[in-house]
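Walk me through this protein model, from its confidence to its sheets and then its salt bridges. Keep it brisk, and give the cut-offs along the way.

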Amino acid sequence: MRPKSIRSRLFYAYSILIFMILLTVVITISLVFSNYLIENSRNDIEKRLWDIEQTLQEEIHGIVGLCDEIKRNDDVSRLLESYNRDEGWTRSYNNLFKVHAQVTDSNYAISRLILINRNLVILDPIYERVLYREAILNNQGFIEFLRGNYSYYFSNPGTFPIDISKQSGADDLTIVLYQKLLDQNYWLMGYLLAVIRKDRIFNSLWSNNQDGLFDGIALINSRNEVVHQEGRKIDADDIGIDFSEIDGDRWFSLDMESDNGRRESFLVLIKPVAGVNWYLTGIVPYSTILEERKYIISYIVIIGIIFILIAFSVSYFLAGTITRPLFSITNAMHAYDESLQLEPIMVEADGELAYLVQVYNRLVSSINRYISNIYEEQEKKKEAELLSLQYELDFLQAQINPHFIHNTLNAIGHQAEKAGNMDIYESLKSFNILLRASISGTQEMISLSEEVELVRNFINILQLRYGSRFTINFRIGDGLDSLQVPKLILQPIVENSIFHGIEPAERDGRIEITAEKAEKAIILSVGDNGRGMTEDEIAVVLKGGAESRQFNRIGIKNVDDRIKILFGKEWGVRIISQEREGTVVSIHMPL
């Protein structure tokens, strides 16, 4: 790799790292600042709508309060309960008309007050005319008021008493407040209609938006009908919720088409107006809320560009300080291409580069030393091969004597058989079988029945010495006779039981050999009633001690090692013993 390539890669790596850090900072600041702006705007929107609601509540309470004063007027009761328009009725109506004039003068929002008795007779000389009477009594707002059993009810904006707003697009709209009039016993006496100028009662909605916080403000009733709106037109259907189910302030985001025809996201707050079925709805574009974020991001980008330019210069300088010493090291290492010999290098460097030179020089020394060791090991290997050939010759020579003994024992056995001494014949026969098994080695696998037969031959030999001093019992599970096991794994354990367990106990011995299946394992056990062993003695046996008296020098440790080599470290020999009670040695192997 050329130094120039290293410098370029280091430069690009530093630059990318710095750019990623800057990008992460910009995104993090943008998200945090955006959340701050949105939360701050939510607080401003909530406070502003609360102020608008309070102003609207004052207007509504003022109108309702004036209507309540009229409801308590005695002339109202006389007019509603009188069926004859006599002199008293005319006097009460004139008194009420004076009160009506005072009310309309004190509150410019109310343009007309109309009484209707319980029989739906309009008590007003002007509006009792047939045309007006039918328009008032058949008005959708009045019908809804009667059906809903409301105490008071606000109608939708329109022209009163005949609504021609949809046909003519009239701007001088009114809202009618329908109220029930009850006597002291809460019996219905009639109805009071207060005709309210829409522009007077709702003039506070947009006047509280002098700073242009809201892009649009609307007043929507529980029937999803727009009562009044200012600014951006809001369609209740576009909002997509049922206003009658709203029982508190509700925030949500809404996508609507802007004036330029593009879709734009808005933050919307719906706030119920207490005491009426109206809901203040204010919408603010997210673009307005996040306007300040553009300036912050611009400042960050400008600062970031300056920082990147400085960082690029620093990165290029740092890359040069690293690559210049590497160039010297590379030249020193290129010398190997010419001489084909590894030689230590001498380069002036500091810090990690100095350490790199030291490691390289140690590596060269180690490689040269390893090459020398390889030559030495090859010489030793040749000597070892010669010694191995000699050992094989010695082993073949050593097998001559056991075969000679085997042939001799066969000859003696035949002589004992001819002489009729069957005990000596059977013992020699058993000894010969064990000797032949020992000569062939312990690497091959035999059936469990053959292994048991080797144990029986071993017992036949020992019974010449011990007679009936001990008995032996075999319990082999069904189907296990043909199971393949390593050769000579039971005989060493039986031998250990007799010499180290039963013989020192000075009582008749009993040995039991079992073979059984346990889940996915085969367990071969040799148990005796000998003197038993301590925990220390068990540890000595498993480590290979106390086996000098073995017939063929194959002890319990040897059996355990062979099992682990063949099947794995989780298998092998386990010993359970209790002093003066006996010992159980078990061999665990997989099926």
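What follows covers confidence, then the sheets, then a hairpin, and last the charged pairs.

This is a predicted model, in which local features need pLDDT of at least 70, side-chain atom pairs count only at pLDDT 80 or more, and totals for chains, interfaces and linings use all residues. Residues are numbered from 1 along each chain as its sequence is written, and side-chain values use heavy atoms, with hydrogens and water left out.

Start with confidence. pLDDT is the predictor's own confidence in each residue, on a scale from 0 to 100. The protein averages 76. Of its residues, 73% score at least 70. Helices and strands here are DSSP runs, numbered from the N terminus: H or I over at least four residues for a helix, E over at least two for a strand. Strand β14 (residues 521–528) has the highest confidence, at 94. Helix α13 (residues 400–418) has the lowest, at a mean of 54.

Two stretches deserve caution. Over residues 393–401, pLDDT stays under 50. There the model has one contact (heavy atoms within 4.5 Å) beyond four places in sequence. Residues 547–553 also stay under 50 in pLDDT. For that stretch, the model has 23 contacts beyond four places in sequence.

Now the sheets. Two strands pair if DSSP finds at least two bridges between them. One open sheet has four strands, in the order β1-β4-β3-β2, with antiparallel pairing. β1 (110–117) and β2 (152–154) stand at its edges. Each has a single partner strand, so one side of each is left without a neighbour in the sheet. The twist averages 15° from one strand to the next. Angles run from 0 to 180 degrees between N-to-C directions, and axes are lines fitted to C-alpha atoms, for helices over the stretch in contact.

Look at β1 and strand β4 (residues 188–197). They pair in the antiparallel sense over seven bridges. Ile 116 stands opposite Tyr 191 in β4. Helix α5 (residues 140–148) lies across β1, β2, β3 (174–182) and β4. Its direction makes an angle of about 30° with β3.

A second open sheet has five strands, and its pairing is mixed. The order is β11-β13-β14-β16-β15. Which strands sit at the edges? They are β11 (470–476) and β15 (572–578), each pairing on one side only. Here too, the average twist is 15° from one strand to the next. Inside this sheet, strand β13 (residues 509–518) runs antiparallel to β14, and eight bridges join the two. Ala 515 has Leu 524 of β14 as its bridge partner.

Next comes a hairpin. Strand β5 (residues 216–221) and strand β6 (residues 226–231) pair in the antiparallel sense, over five bridges. Ile 217 is matched with Glu 230 in β6. Four residues lie between the two strands. In this hairpin, Asn 224 takes a positive phi near 60°. The C-alpha atom of Asn 224 is separated from that of Asp 237 by 7.6 Å, with their positions 13 residues apart along the chain. Asp 237 lies in helix α9 (residues 236–239). At 62% relative accessibility, Asp 237 counts as exposed. The classes are buried under 20% relative accessible area, exposed over 50%, and partly exposed in between, using a 1.4 Å probe and protein chains only.

Finish with the salt bridges. Each is a side-chain nitrogen of Lys or Arg within 4 Å of a carboxyl oxygen of Asp or Glu. By this rule, the count comes to nine. One of them joins Glu 512 and Arg 475, at 2.5 Å from N to O. Glu 512 lies in strand β13 and Arg 475 in strand β11, so the pair ties together parts that are 37 residues apart in sequence. Glu 512 is partly exposed, at 30%. Arg 475 is partly exposed as well, at 46%.

Another salt bridge links Glu 537 and Arg 531, at 3.3 Å from N to O. Glu 537 is partly exposed, at 27%. Arg 531 is partly exposed, at 31%.

Asp 561 and Lys 557 also meet in a salt bridge, at 2.7 Å from N to O. Both lie in helix α18 (residues 556–567), four residues apart, about one turn of the helix. Asp 561 is partly exposed, at 29%, and Lys 557 is partly exposed, at 25%.
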